[in-house]
There are 4 protein chains.
Amino acid sequence: MVEDPNLIRIGIVGGTGYTGVELLRLLIGHPKVEIGAITSRAEAGIAVADLFPNLRGHLDLSFSIPDIDMLAECEAVFFATPHGVAQAMVPELLTRGVRIIDLSADFRLRNIPLWEKWYNQPHGCPELVEKAVYGLPEINREAIRKARLIACPGCYPTSVLLGFLPLLEAGLVDTSDLIASSASGVSGAGRQAKIDNLLTELNDSFKAYGVAGHRHLPEIEQGLGDIARQPVGLTFVPHLLPIIRGIHSTLYANLGNLDVDLQALYEQRYATEPFVDVMPGGSAPQTRSVRGSNMCRIAVCRPGNGGKVVVLVVEDNLVKGASGQAVQNFNLMFNLDETLGLGHPGLLP
Amino acid sequence: MVEDPNLIRIGIVGGTGYTGVELLRLLIGHPKVEIGAITSRAEAGIAVADLFPNLRGHLDLSFSIPDIDMLAECEAVFFATPHGVAQAMVPELLTRGVRIIDLSADFRLRNIPLWEKWYNQPHGCPELVEKAVYGLPEINREAIRKARLIACPGCYPTSVLLGFLPLLEAGLVDTSDLIASSASGVSGAGRQAKIDNLLTELNDSFKAYGVAGHRHLPEIEQGLGDIARQPVGLTFVPHLLPIIRGIHSTLYANLGNLDVDLQALYEQRYATEPFVDVMPGGSAPQTRSVRGSNMCRIAVCRPGNGGKVVVLVVEDNLVKGASGQAVQNFNLMFNLDETLGLGHPGLLP
Amino acid sequence: MVEDPNLIRIGIVGGTGYTGVELLRLLIGHPKVEIGAITSRAEAGIAVADLFPNLRGHLDLSFSIPDIDMLAECEAVFFATPHGVAQAMVPELLTRGVRIIDLSADFRLRNIPLWEKWYNQPHGCPELVEKAVYGLPEINREAIRKARLIACPGCYPTSVLLGFLPLLEAGLVDTSDLIASSASGVSGAGRQAKIDNLLTELNDSFKAYGVAGHRHLPEIEQGLGDIARQPVGLTFVPHLLPIIRGIHSTLYANLGNLDVDLQALYEQRYATEPFVDVMPGGSAPQTRSVRGSNMCRIAVCRPGNGGKVVVLVVEDNLVKGASGQAVQNFNLMFNLDETLGLGHPGLLP
Amino acid sequence: MVEDPNLIRIGIVGGTGYTGVELLRLLIGHPKVEIGAITSRAEAGIAVADLFPNLRGHLDLSFSIPDIDMLAECEAVFFATPHGVAQAMVPELLTRGVRIIDLSADFRLRNIPLWEKWYNQPHGCPELVEKAVYGLPEINREAIRKARLIACPGCYPTSVLLGFLPLLEAGLVDTSDLIASSASGVSGAGRQAKIDNLLTELNDSFKAYGVAGHRHLPEIEQGLGDIARQPVGLTFVPHLLPIIRGIHSTLYANLGNLDVDLQALYEQRYATEPFVDVMPGGSAPQTRSVRGSNMCRIAVCRPGNGGKVVVLVVEDNLVKGASGQAVQNFNLMFNLDETLGLGHPGLLP
């Protein structure tokens, strides 16, 4: 192992899912990163590029069995794993000085019993939860810079939190009656063999799911409550789109008869954010405009000049909703330009 | 022209759009119908099956120039035209005893100035508007049986009205704060050469549109107000799905702390309706389950047993949202079994 | 069990796959059929309409465990099973007088060792193979009428055989150098939980597969050889389309400098076939024109008036390529109008 | 205008099509390029990012009316225009020292009468055609380095030429009987308002087109003939895929009973090519593996070890098939690293 002293050696645990390959795609183009290890128990020994042929010629690395000692040689480790995995490995890695960026849900919820209820298992290291920083830079940038353990937001939460943020910070809307009608591309469901996610089951169709309750609901409510500094009431209905990438959230809140310049409010709040783009008044963002990019695009509207505000938010669920946001957090943690490796535009058409 | 005395001769004005070819597909299988004429000024002389190859071998008819005398020989004429066309021809045809089923927006709005504002032209025969029956059988079945002129509901309005109907009839929800977050397949935009509707512009993407105002909004508000017997406040946000057929409406209303069995309410209201199917509690309808069929599927849910009711509605925008509903109206007008020609299940997968 | 004496009671073994639900969709609309039983070991006890919501209201039947005695009460049994299943049950059912329509590959290949090589298992009842009739009505109509056991052709073979048929019967092309470049919708891969068939893996993409060898190759070669009355040499390359239904085969053969009216040849050969439609010269068939229909559409072309003939063939792999053809065979076996239950046009758009 | 002396100022004529926006996407990330002008007569004055929202924040430039003086201030001008446009402007720009990279068909065919027949108009500057270099680096790298005028290959030709190249150079196959069965995503048809290219007309469907003759046929035949050093006979059948980007060519040729290591042949021929990737034996490339990337992936196969060789080729029609190849040519012309701005992997999933 010959390390370039100018590069930061990183590891990825759980590289065979879609957030894993997306991390690789982004980090391959990152000028300050050396990918030291990528683990997968199931695919150990297989070349990464055999599983993900887009990476042929870009990455000469094979999946390895997760190994604490090998990971401990990295300065940072990303977890792109199902919930429950990071909890088992993070304590040891933190002790050995590794910084952790967890893309799973393991450290997102501060309320441990709530986590255990929604994820249906005991939490493996509840004592670390309060030390984890929720990795949404638009809210927690300074805390992220100093963090040792980042809990990256979920894909739906990122879109809903960024969409409601200016309204809640300004205290303009009724926090007891918020609605998020969201729709996600299928990659949000992961790379798992399930009949429900076959092309034949989803293409040329659309449906809601999880109306009675979705695991992202408590995470979103926690995040909205943090911003509003009070508990909020949210109705969250996710839908499944027959597309690969992209989340679109349509948010509804009650303004009453307040007289406020919503466009200016949003533009000012996000004026210096590199990855939030407030669209011109009267426009509506398309998910394809952020395909493959870390940008979140937002439009705000007051239909018929009435009492309801409608916010439209798009992001790529695998980038700003997962791996791109993880890299953004990484950049902040290592005091790099926040946009390193994330500067490319979306792929359109 | 040799007429089978057991068949009802019908004509179609404007047969080159998607509602036109869908009318043909349904009427070809209708045991009581003879298709006498199908008009298109642009395609006159062209065989219908040359434009729509799925009909090869099923229909030996060419498009003809619209001609009042020829149409007057039909017992019923369907208008599958852009708005403004039916207004010009319907008065004469009614005078000559032809029954009219208009799939366009020409006779849907009772408020003429409102129509003229949204459609940006003077109304051609305002005196007929009050004689038109709004063709939603689940509300107006008896009036439809006696009608001479049917204004078929729009595709979005059908889904929103059927979804809110039981709640509004029962007076259970706050009528001043209704939300319809709807999504439509692209065939709803018609068969027109527009860059915005190219596959390359829409596939693998999703967006809202018309947030500031959509022509279906006043129609839906009129329909909801009729059911509720009072004006309603509706926020309506349509979205565009990268699918061909299908509308999905996600409806939100405030129940407060009412204790009501929503599942029973919906099942009872629609128990005898042949084309409304209330799904079991906890399920969510998929648009593909109604692909090509006249069924409207509805699920009702109260997330977290809170104050908000969520209703999920799917229909095929070209069938229950347009041509199938037109045939259903036709069956009622001619005292036929309401389901004739409409009995096939959806195409799944 | 009260039987309508005018109806033919049928059973379906293996009803949870796509050919199973497609059989149900077609048979529900068949005026001479009563569906007596539909079996699935895995889903026994579950209502069919719970698995396939398009059938809600159309079919009040649950999956049952496969039971020979129950199936023996049917006049005909369809097998919509993976290979190997029919072999185990067919002998007993035939003995008890049941007629069999097998949609699987179990009885298609007359060469038993070849079958055993490609399907990698011993054949369960080789003695029945020679009694099975290959169920392609355009070739074997009279034999089908008298058959007790039908081996329905595979989806690819149907398209390739119908495409080459007029050329081979007329002895016009070099049989040692035939090429079939075919492409199938994903439903051809069945309703199985496989990562490779996820929407995320296939949408917005295209690939060949099985170039080194596909199980349909020996079946096609056998069928082509039967038509040509001599062994043929075929290069067969299947591809996977990001669509649900539809097969498109592009066929290439060498005419040399023969002077022949190909259009007339094809039109004459298929003039009386209810489910083969020869397109006008210069046109090209679209798979959507046969979506949901039993039609096979063919166009024939001689590019640049040279030595190569190109034939374009489309079918719906689940209808003419599987369940529709099975019903066509059923109609012939029971001396019914061959088109019963199959008369509807394709769903376009 | 303040120029960075380290940057090469370029202009783009015809920036509103898909090859135009793709050029922008690639050149935005190119470290040696300054985009000086992008023209569009129809959209003059409109901000580029208003038309292509993926570029918001990446490009602060508006479309301008094509102006020779302004373009002459650029060192290189890309034409991303319909055929016929470059012919009118290129002579003057060349005279003024500007280097030209033409993505249109204007300078591809050396046979002027053939060009005039296929493009149905007189050629505007036939005297320049013989000075143009056909911009396929894998064949013409050295000539490209010295060229003033590049005719970029068409999207289909790129895939077919690269696929057949090793076989023809080695003289292994019968050049009188080559077949290219190709399939393209819809972006190949450009950003034009046509009913045929609506999502509703193409999605969930597949078809061949242009079987009787496609404009790329003479270009491919010229290119194959150049490689083979003799005229070739090609049957070319293009198909239209319901995807946005991607071309897949399945090539067939006759090897007879030659004993040759095809895998080694291809690997050796392309060993040093940065943008041709020979896949391992037995694999098949997917178009998604090159989505958004300049890579061309090729697999070669000899089914059943017989006399036919099958080559599978994928590329992104907008990148290696158009704008990426244009940038690759640009890099060569300006003596830059050939891969500058083109180093990113494909977007998968």
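Two residues are taken to be in contact when their C-beta atoms, placed from the backbone, lie within 7 Å. With that criterion in hand, the interface between two of the chains in this predicted model is a convenient place to start. Chain A and chain B meet through 37 residues from chain A and 37 residues from chain B. On the side of chain B that touches chain A, at least two residues each come from the strands β7 (178-184), β8 (207-208), β9 (234-240), β10 (247-254) and β13 (308-315), and from the helix α9 (199-202). Sorted by class, this side of chain B holds 20 nonpolar, 12 polar and 5 charged residues.

Confidence scores accompany the prediction. The ipTM of the model is 0.96 and its pTM is 0.97. Within chain A the average pLDDT is 96, and 99% of the residues score at least 70.

Turning to the fold of a single chain, chain A contains 12 helices and 13 strands. Its radius of gyration is 20 Å, close to the 20 Å given by the globule rule for 349 residues, so chain A is as compact as a globular protein of that length. The C-alpha trace of chain A spans about 65 × 45 × 40 Å along its principal axes. Of the 349 residues in chain A, 59% are buried. Among contacts in chain A with a separation of 6 or more, 71% join residues that are 24 or more positions apart.

The domain assignment divides out two parts of chain A, namely domain 1 (8-131) and domain 2 (155-317). The C-alpha centres of these two domains of chain A lie 27 Å apart. Contact between them involves 9 residues of domain 1 of chain A and 7 residues of domain 2 of chain A. On the domain 1 side, the touching residues comprise 5 nonpolar, 2 polar and 2 charged.

A helix of chain D offers a closer look at packing. Helix α1 (residues 18-28) of chain D has 10 of its 11 residues buried, so this helix is largely enclosed by the rest of the structure. The buried residues of α1(D) include Tyr18(D), Thr19(D) and Gly20(D) at one part of the helix, as well as Glu22(D), Arg25(D) and Leu27(D). Within chain D, the buried residues of α1(D) pack against β1 (8-13), β2 (33-39), α2 (48-51), β3 (76-79) and α12 (319-333). The surroundings of α1(D) also extend to another chain, as its buried residues pack against α9 of chain B. Helix α9 (199-202) of chain B is also one of the elements that supply residues to the side of chain B touching chain A.

Key:
Residues are numbered from 1 along each chain as its sequence is written. Chains are lettered from A and ligands numbered from 1 in the order in which they are written. This is a predicted model: local features need pLDDT of at least 70, side-chain atom pairs count only at pLDDT 80 or more; totals for chains, interfaces and linings use all residues. Helices (H or I, at least four residues) and strands (E, at least two) are DSSP runs, numbered from the N terminus. The radius of gyration is taken over C-alpha atoms; the globule rule is 2.2 Å times the number of residues to the power 0.38. A residue is buried if 20 or more other C-beta atoms lie within 10 Å of its own, exposed if 12 or fewer, and partly exposed in between; C-beta atoms are placed from the backbone. Ala, Val, Leu, Ile, Met, Phe, Trp, Tyr, Cys and Pro count as nonpolar, Asp, Glu, Lys and Arg as charged, and the others, Gly among them, as polar. pLDDT is the predictor's confidence in each residue, from 0 to 100. Domain bounds come from an automatic or database domain assignment.
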